[in-house]
Amino acid sequence: MVSIPPTVIRSTNRSKGRRVGLGSLRAVAVALLICGFVAVPLIALAAISAGSSSAALEHVAATVLGRAAVTTVLLLAGVGISTAVIGVGTAWLITMCRFPGRNLLQVALVLPLAVPTYIVAYTYVELLDYTGPAQTALRALFGFTSSRDYWFPEIRSLPGAIFVMSAVLYPYVYMTSRILFMMQSAAALEVSRTLGCGPRRLFTHVAVPLARPAIAAGVGLVLMECLNDIGAVEFFGVRTMTFAIYDTWLNRGNLAGAAQLALILTLFVFMLIAAERAARGRQSYHATGRRHQRPAPFQLGGWRAFAAGIACLLPVLLGFAFPAMLLADYASRRLEQFASAAVLSAGLNSVTIATLTACLAVLMAFVLVYAARLSRSRAVSALGRLASIGYAIPGTVLAIGILIPLAAVDNFVDGVMRHLFGVSTGLLLAGSGIAIVYACLVRFLAVSHGSLEAAMAKISDHLDMAARTLGRRPGRMLFEVHLPLLQGALGAAWLLVFVDTMKELSATVLLRPFDFETLATYVYAQASRGVFEEAAAPALVIVAIGVIPLMLLLRAGQDDRSGQDFSSSRSR
Amino acid sequence: MLKRLGGLTGCVLLPVTLSAMMSPALAEEVVNIYSYRQPELIKPLTDAFTEKTGIKTRVIFAEKGLEERIRAEGANSPADVIMTVDISRLSAAKDAGVTQPLTNEVINSRIPAQYRDPEGNWFGLTARSRVIYASKGRVSEKALTYEDLADPKWKGRVCTRSGQHVYSIGLISSMIAHHGLKDAEKWLEGVKNNLARKPAGNDRAQVKSIYAGECDVALGNTYYMALMLTNEKEPEQKEWANSVNVIFPNSDDRGSHVNISGMAQAVNAPNRDNAVKLMEFMTSDDAQEFYAETNHEYPVVDGVAISDIVRSFGELKADTLPLSDIADHRKEASELVDRVGFDDGPSS
């Protein structure tokens, strides 16, 4: 049994010092602009944080920092590892194996993405605490009469938070690695097989190492999502760093101190990402084979098929079906809400904001990724990553970083208009829908950038070289080579941002115009009164609206003809 | 693909931009409310106000950061009034410089001085007491004090929400105001040692925990009990609430800690006259009765009746210490919670 060390298949990229054309210069300029656009709120936060002494940091350092840091690291490690295992494992089973129910599960596995984390957190408390169905059944079965008679795991705990977040967030890893597995060179896999690699070795020694950029991108998103979460950790009483940020700001009136903490946290995330990149080194991971040839899948039968089915079904049940069932139960007692004007207009607002944000985020991420590819400069790809750190900043803190520059521009324009024409324009940007889109872009650019960057890395440089040799300028090469090849990834990126924006809450709440509700803010208003039940209908609508594009995307990109065959997609 | 994206972007951008640009242009009679209080709880009142005066109301609701928003918006901020659900936020707004003092005969005559800022920056609209929920079956005491909760005899029997929640901060601030920082710290440590579990969940969750037998006593606001007892859509909440008695702490000495929901005028209020009209309206008997009946809070205006359910809890003897004194200790209270490690839960 000989297995191929992955390094053999990775081609090491040494072709540096290529001529930089005009097209790529322009692309770099646009990339710089985008970075500036995204960096403005971060700079505003840095400015805020400079406006205070280090007293807040000292208090936090002396009291909660140690424990909060440990809790945060444990949470990140727990969620990171379990989402990687679930996401990569299910993606591999779905792409490489055939078993009953696979076609359905391949779609169903992304469903948890449509459910906001704080809603799932809430439903699990309902399901698993003393009065929930699980414990009620236990008591009935064994004749217990109070919680003192038996032990039951406490969901409102760190392990509970890890469980809930993993169940909801694994689709990030599933989606990014599934696309990568599908794009993976059949040749590499087949050569490995010919050389005697069994399915297991193929997975651990060839496919996973090759998919590493995608797995890292997916897990990176999961971790940042974890870090900026406040809803679920607050509800579970899990004291993370984000908690300390909010306490510093809200209870001690020290926004500067909170901004300092938030920036430190962001720096930490950035270092994590940089460390992963450094570990990956300068290997490139693109495929060299004829990619429209898919390796023959493994036909599973008997207990193997059953086990694979269960392994893919379980995450769907935990992250989607159980919470959705509870929501449906509540909503069934409030059917009139589905047609209420409030829910309808909130739904329209949500879809508008999410569509707009998703389009812009994909466009911007694509420009960043393409500029990095054309210029082949490490600085430009670093810029791209820099543009995506907004994700880790707690939403409300980020919102303030956005308000300050927007309101400053508004007030400046107002001043000029008053001076010149005697007309007051008031606040045009701050407090309009634009501020929300801006915030969502800063937050979710990381999502589209991560998935596009990973997919772009899969496209061999040789294609670029061939295209350029055949006389294609970067602009035409973009439309004739890269865009067709990236269709699947573009769709996935769009969808991820769309769904994330649908769920976005903390920044939207603070930035919205008067009387402006999205579905998420509507749910939040109910939940903050302590009557979550009343929010079940709009929460289900969030889920439903997220599910529709998920279905469309997966149908379009279904396995064997996933747009990899670029010659045919050109003629379409 | 790119063209398609671009076209789609344009289609969507246009209406959003337009609607955003249009809204400030509708310059009829309005009053703009920045609210920490849930819109559902104000809407019937603002509707009544609009009907009476013809002045439209517009609301932004958030739970965090409205002071910062007003500050960032600066001189052009549309905010006319700020509404909050606790004293800390009112004080924070005043400290952030986003309120302005108001001398108004109507408000000053109707709202007791204890529930007003001495400098006129804010006033209370409703009061709620932070009481002890006690298990009917397992707690025989009919009277308790906040200080009792630190007594080792309650070890493993106390539940509460996070110590950093504004309602907890209010109570801890009042303990600092009454006993000084040192004794308050000892007290909080004592309560921490008596906790049955880590502080988590909202006030309703504490009632549920007692029902489940996880703990015997818990801290919570009065109106949550009333809302649970009248919850027709989720009737099991009635059952939880029925397993619990309400005890007004310290009824035999200084009285129970009371927090307020309140209102302040924003510093650059563009519709100042309308804002004053709204504030006067909120102190009217009609508005006060509405709060009492639908949300089961205590009206702050004398002579307005409390709801039947709230009356059934017993007599509230409110701590008379001015709320502004309590609010002064909110930062210390928050730091104390960290220092004691209250939210880490019972040490054992």
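1. Strand β5 of chain B, residues 122–135, is joined to β9(B) by seven bridges. The two strands run antiparallel. One residue pair fixes the register: B:T126 has B:S261 of β9(B) as its bridge partner. Please read this, and every point below, as a description of a predicted model.

2. β9(B) has other partners too. Strand β3 of chain B, residues 81–84, runs antiparallel to β9(B) and is joined to it by four bridges. Here B:I82 stands opposite B:A264. Strand β4 of chain B, residues 99–100, also pairs with β9(B) in the antiparallel sense, over two bridges. In that pairing, B:T99 is matched with B:A266.

3. Is β9(B) mostly covered or mostly open? Strand β9, residues 258–266, is mostly covered, with nine of its nine residues buried.

4. Now chain B overall. The chain has 14 helices and ten strands. Its C-alpha atoms fill a box of roughly 65 × 60 × 40 Å along the principal axes. The radius of gyration is 22 Å, and a compact globule of 348 residues would come near 20 Å, so the two agree. Of the 348 residues, 55% count as buried. Contacts in chain B with a separation of 6 or more were also sorted by sequence distance: 79% of them link residues 24 or more positions apart.

5. Helix α11 of chain B spans residues 285–295. Which of its residues are buried? They are B:A287, B:Q288, B:F290, B:Y291 and B:A292. These buried residues pack against α2, β5, α10 (272–282) and β10 (298–299) of chain B. β5 therefore turns up twice in this note, as a neighbour of α11(B) and as a bridge partner of β9(B).6. B:H296 deserves a look. The residue follows α11(B) and sits in the loop between α11 and β10 of chain B. Its phi is near 55 degrees, a positive value in a residue other than glycine. Most residues other than glycine have a negative phi. B:H296 counts as buried because 24 C-beta neighbours lie inside 10 Å.

7. A:D515 is the counterpart to check in chain A. Phi of A:D515 is near 55 degrees, again positive in a residue other than glycine. A:D515 lies in the loop between α22 (506–511) and α23 of chain A. Is A:D515 buried or partly exposed? With 15 C-beta neighbours inside 10 Å, A:D515 counts as partly exposed.

8. Next, a helix pair in chain A. The axes of α16 (residues 341–375) and α23 (residues 519–528) come within 7 Å and cross at roughly 135 degrees. That angle makes α16(A) oblique to α23(A). From α16(A), the contact uses A:A342, A:V343, A:A346, A:G347 and A:S350. From α23(A), A:L519, A:A520 and A:Y522 take part. By class, the contact residues are six nonpolar, two polar and no charged.

9. Last, the contact between the chains. How many residues does each chain bring? Chain B brings 62 residues and chain A brings 59 residues. On the chain B side, several elements each supply at least two residues, including α1 (2–22), α2 (39–53), β2 (56–61) and α14 (330–340). α1(B) gives the most, with eleven residues. The side of chain B that touches chain A has 24 nonpolar, 15 polar and 23 charged residues.

Methods. Residues are numbered from 1 along each chain as its sequence is written. Chains are lettered from A and ligands numbered from 1 in the order in which they are written. This is a predicted model: local features need pLDDT of at least 70, side-chain atom pairs count only at pLDDT 80 or more; totals for chains, interfaces and linings use all residues. Two residues are in contact if their C-beta atoms, placed from the backbone, lie within 7 Å. Ala, Val, Leu, Ile, Met, Phe, Trp, Tyr, Cys and Pro count as nonpolar, Asp, Glu, Lys and Arg as charged, and the others, Gly among them, as polar. Axes are lines fitted to C-alpha atoms, for helices over the stretch in contact, and angles run from 0 to 180 degrees between N-to-C directions. Angles under 35 degrees count as roughly parallel, over 145 as roughly antiparallel, 65 to 115 as roughly perpendicular and the rest as oblique. A residue is buried if 20 or more other C-beta atoms lie within 10 Å of its own, exposed if 12 or fewer, and partly exposed in between; C-beta atoms are placed from the backbone. Two strands pair if DSSP finds at least two bridges between them. The radius of gyration is taken over C-alpha atoms; the globule rule is 2.2 Å times the number of residues to the power 0.38.
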